Amino acid sequence: MGLPSLNDVIAAIATPPGKGAVGIVRVSGNGSLELVSRLWQGKSPSRLRGGRFTYGKIRDPRTQEILDEALLLVFRGPHSYTGQDSAELHTHGSPAVLRRVLQTLFELGARPAQPGEFTLRAYLNGKMDLAQAEAVLSLVESESEAARRQALRGLSAGLSRRIAALSEQLFSLLAHIQAWLDYPEEGVEPARIHETLEPALREIQHLLATAPAGRIAQKGARIALVGAPNAGKSSLLNALLGYERAIVTPIPGTTRDYLEAPLEIAGVPLVAIDTAGLRETEDVVEQSGVERALQIAQEADLILYLADQSQPLPPPPALPWERTLKVATKADLPAAWSSAEYLEVSSQTGLGLEALRQHIHQRLLGEAPEGEIWVSNERHVEALRRAEAHLQEAQGAPEDLAGVSIEMALDALAEILGKDVSEEVIERVFRNFCVGK
Ligand SMILES: Nc1nc2c(ncn2[C@@H]2O[C@H](COP(=O)(O)OP(=O)(O)OP(=O)(O)O)[C@@H](O)[C@H]2O)c(=O)[nH]1
Ligand SMILES: [Mg+2]
């Protein structure tokens with residue numbers, strides 16, 4: 001397929017489909033301002049300063065028909081998002097207006113922008129690296145506070161800077177090894193491979209350790225509530241949600257099918273899943289509910305295992321306990337047992353709910369440091385893993401072979417920033433963008 005041409009004028013609607021207060025059509029490329037001037041009635045775009053708005057009318061040059069009153073924003077390359085001359089037409093947010101304006105631009109010679117093509121141009125023109133371009137996509141797609149925060153860190157080169165610093169260290173080590181191999185008689189000190197490799201490896205491992213948190217911040221997590229009938233699962237779901245989503249009764253076996261509800265804890269998007277109480281039963285409907293509950297627990301990122309503290313503790317079911325948080329429910333009632341392994345809550349009084357939220361947050365995000373970039377992109381994780389493996393190879397190898405491994409690690413790191421990557425990689429990254437971004 002190949003990458004699209006960089007220099008022609010592209011145009012697209014940048015605002016989402018449907019009606020809105022304002023709609024934006026974006027234009028970028030060599031000659032884009034001249035092209036826009038042909039449908040603009042008002043102060044000429046070529047006389048406008050970059051970054052300034054002007055008010056005027058959009059006119060179909062063939063029929064002279066006025067399409068809308070609008071604002072025109074002009075950017076001059078290289079001081080623009082794409083690095084090229086660009087313009088934005090801010091019209092009324094009507095699909096009919098936007099379609100007509102776009103159609104007119106096409107008739108004047110612009111071509112429809114492909115998904116992500118504005119950002120692609122920004123990347124190819126050196127306005128941002130590939131990791132930043134991917135952060136743009138993550139930011140547009142972010143639906144939670146945690147995702148937004150992380151994407152913004154990526155956009156402002158949070159990851160790029162760390163990768164660049166890491167590469168810098170490895171480059172100078174490589175240069176040192178090279179000098180030592182080329183001029184052994186010059187008395188260049190033998191490369192101290194280990195001393196430089198150790199911190200570089202630690203940095204990579206540190207970044208990789210943030211990946212589970214990064215994934216959860218971006219994609220969210222699934223939390224299953226399981227336990228015996230009447231343990232208080234549906235009540236806890238409702239208490240966490242703050243509204244009565246699930247049916248609660250004193251009859252054991254009330255919930256028979258599972259039930260999902262979205263919620264956000266400390267900015268992290270979660271889906272909480274209430275399930276049927278675990279017990280042996282003759283009822284086929286309930287039986288199948290119990291099977292589902294166990295299945296859901298297996299697939300969940302985190303399990304809350306609930307046990308009623310006012311009743312004798314039932315024998316524990318088979319669960320992936322390393323992913324399970326134990327919760328003692330009905331803490332407002334007299335206790336039949338008590339265990340330090342269990343977090344006490346009462347859905348009725350709200351006791352322990354805040355602590356439970358904190359534990360959930362802690363279990364999901366682990367030790368991932370707040371205020372730091374978390375690696376959330378699969379492509380980045382994969383490249384970091386390769387870099388890690390190559391540096392580990394280098395650690396045990398003689399100098400000349402170590403040099404080769406370090407070079408391969410450097411290549412892997414460069415891929416994150418999009419240096420010397422294949423068109424296929426670039427296409428894959430931009431395929432997921434929306435048109436107009
Ligand atoms: N005192 C007290 N009662 C509670 C609390 N949480 C739940 N209950 C009561 O315990 C009973 C069972 O609650 P549910 O939330 O339906 O329990 P469940 O685990 O969903 O039960 P099944 O759907 O049958 O598996 C109801 O009568 C609730 O009112 C609590 O924190 N304190
Ligand atoms: Mg229930």
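The following exercises, each with a worked solution, concern a predicted model of a protein chain with a bound ligand.

**Exercise 1. Domains**

Task: State how the protein chain is divided into domains, and how far apart the C-alpha centres of domain 1 and domain 3 lie.

Solution.
Step 1. Domain 1 covers residues 10-129.
Step 2. Domain 2 is made of two segments, 135-210 and 374-418.
Step 3. Domain 3 spans residues 217-365.
Step 4. Between the C-alpha centres of domain 1 and domain 3 the distance is 52 Å.

**Exercise 2. The order of a seven-stranded sheet**

Task: Determine in what order the 7 strands of the open sheet that contains S1 are arranged, and which strands form its edges.

Solution.
Step 1. The strands follow the order S3-S4-S5-S6-S2-S1-S7, and their pairing is mixed.
Step 2. At the edges are strand S3 (40-41) and strand S7 (111-112), each of which pairs on one side only.
Step 3. As a general background, strands of a sheet pair through backbone hydrogen bonds, in either a parallel or an antiparallel manner.

**Exercise 3. Pairings from S3 to S6**

Task: Follow the sheet from S3 to S6, giving for each pair of strands the number of bridges, the direction and examples of bridge partners.

Solution.
Step 1. S3 and S4 run antiparallel and are joined by 2 bridges. Gln41 has Lys57 in S4 as its bridge partner.
Step 2. Strand S4 (residues 52-59) is joined to strand S5 (residues 66-75) by 8 bridges, again in an antiparallel arrangement. Among the bridge partners, Arg52 is matched with Val74 in S5, and Arg59 is matched with Ile66 in S5.
Step 3. S5 is joined to strand S6 (residues 86-93) by 5 bridges, and these two strands run antiparallel. Leu73 has Glu88 in S6 as its bridge partner, while Phe75 stands opposite Ser86 in S6.

**Exercise 4. Pairings of S2**

Task: Describe how S2 is joined to S6 and to S1.

Solution.
Step 1. On the S6 side, 8 bridges join S2 to S6, and the two run antiparallel. Arg26 is paired here with Glu88 in S6.
Step 2. Glu88 is also the bridge partner of Leu73; the residue therefore has partners in the strands on both sides of S6, given that S6 stands between S5 and S2 in the order of the sheet.
Step 3. On the S1 side, strand S1 (residues 10-13) and strand S2 (residues 20-28) run antiparallel with 4 bridges between them. Ala12 has Arg26 in S2 as its bridge partner.

**Exercise 5. Turns and backbone geometry**

Task: Identify which residues in the two hairpin turns have a positive phi, and where a cis peptide bond is found.

Solution.
Step 1. S1 and S2 form a hairpin with 6 residues between them, and Gly18 in its turn has a positive phi of about 105°.
Step 2. S4 and S5 also form a hairpin with 6 residues between them. Gln64 lies in the loop between these strands, and its phi is near 65°, a positive value in a residue other than glycine.
Step 3. The peptide bond from Gly77 to Pro78 is cis, with omega near 0°. Pro78 is located in the loop between S5 and S6.
Step 4. For context, most residues other than glycine have a negative phi, and most peptide bonds are trans.

**Exercise 6. A six-stranded sheet**

Task: Give the order of the 6 strands in the open sheet that contains S9, and explain why one side of each edge strand is left without a neighbour.

Solution.
Step 1. The order is S9-S10-S8-S11-S12-S13, with mixed pairing.
Step 2. Strand S9 (259-265) and strand S13 (343-344) stand at the edges; each has a single partner strand, so one of its sides has no neighbour in the sheet.
Step 3. Strand S12 (residues 324-329) runs parallel to S13, and 2 bridges join them. Val327 has Leu343 in S13 as its bridge partner.

**Exercise 7. The surroundings of ligand 1**

Task: Establish how many residues surround ligand 1, which contacts its oxygen atoms make, and how much of its area the protein covers.

Solution.
Step 1. Ligand 1 is surrounded by 22 residues, the closest being Gly232, Lys233, Ser235, Gly253 and Asp332.
Step 2. An oxygen atom of ligand 1 lies 2.8 Å from an N or O atom in the side chain of Thr255. For a polar backbone atom of Ala231 the distance from a ligand oxygen atom is 3.2 Å, and for an N or O atom in the side chain of Ser346 it is 3.4 Å.
Step 3. On its own, ligand 1 has 650 Å² of accessible area, of which the protein covers 90%.
Step 4. The space that ligand 1 takes is the second largest pocket.

Technical notes: Residues are numbered from 1 along each chain as its sequence is written. Chains are lettered from A and ligands numbered from 1 in the order in which they are written. This is a predicted model: local features need pLDDT of at least 70, side-chain atom pairs count only at pLDDT 80 or more; totals for chains, interfaces and linings use all residues. Side-chain values use heavy atoms; hydrogens and water are left out. Domain bounds come from an automatic or database domain assignment. Two strands pair if DSSP finds at least two bridges between them. A residue is near a molecule or strand if one of its heavy atoms lies within 4 Å of it. A polar contact is a pair of N or O atoms within 3.5 Å; within protein, one must be able to donate a hydrogen and the other to accept it, and residues adjacent in sequence count only if both atoms are side-chain atoms. Accessible areas come from the Shrake-Rupley method with a 1.4 Å probe; for residues, only the protein chains shown count as cover. On a 1 Å grid over the protein atoms alone, a cavity is a set of points where a 1.4 Å probe fits but cannot get out, and a pocket is an open set with protein on both sides within 12 Å along at least five of seven lines; lining residues have an atom within 4 Å of a point. A molecule sits in a cavity or pocket if more than half of its atoms lie within 2 Å of its grid points.
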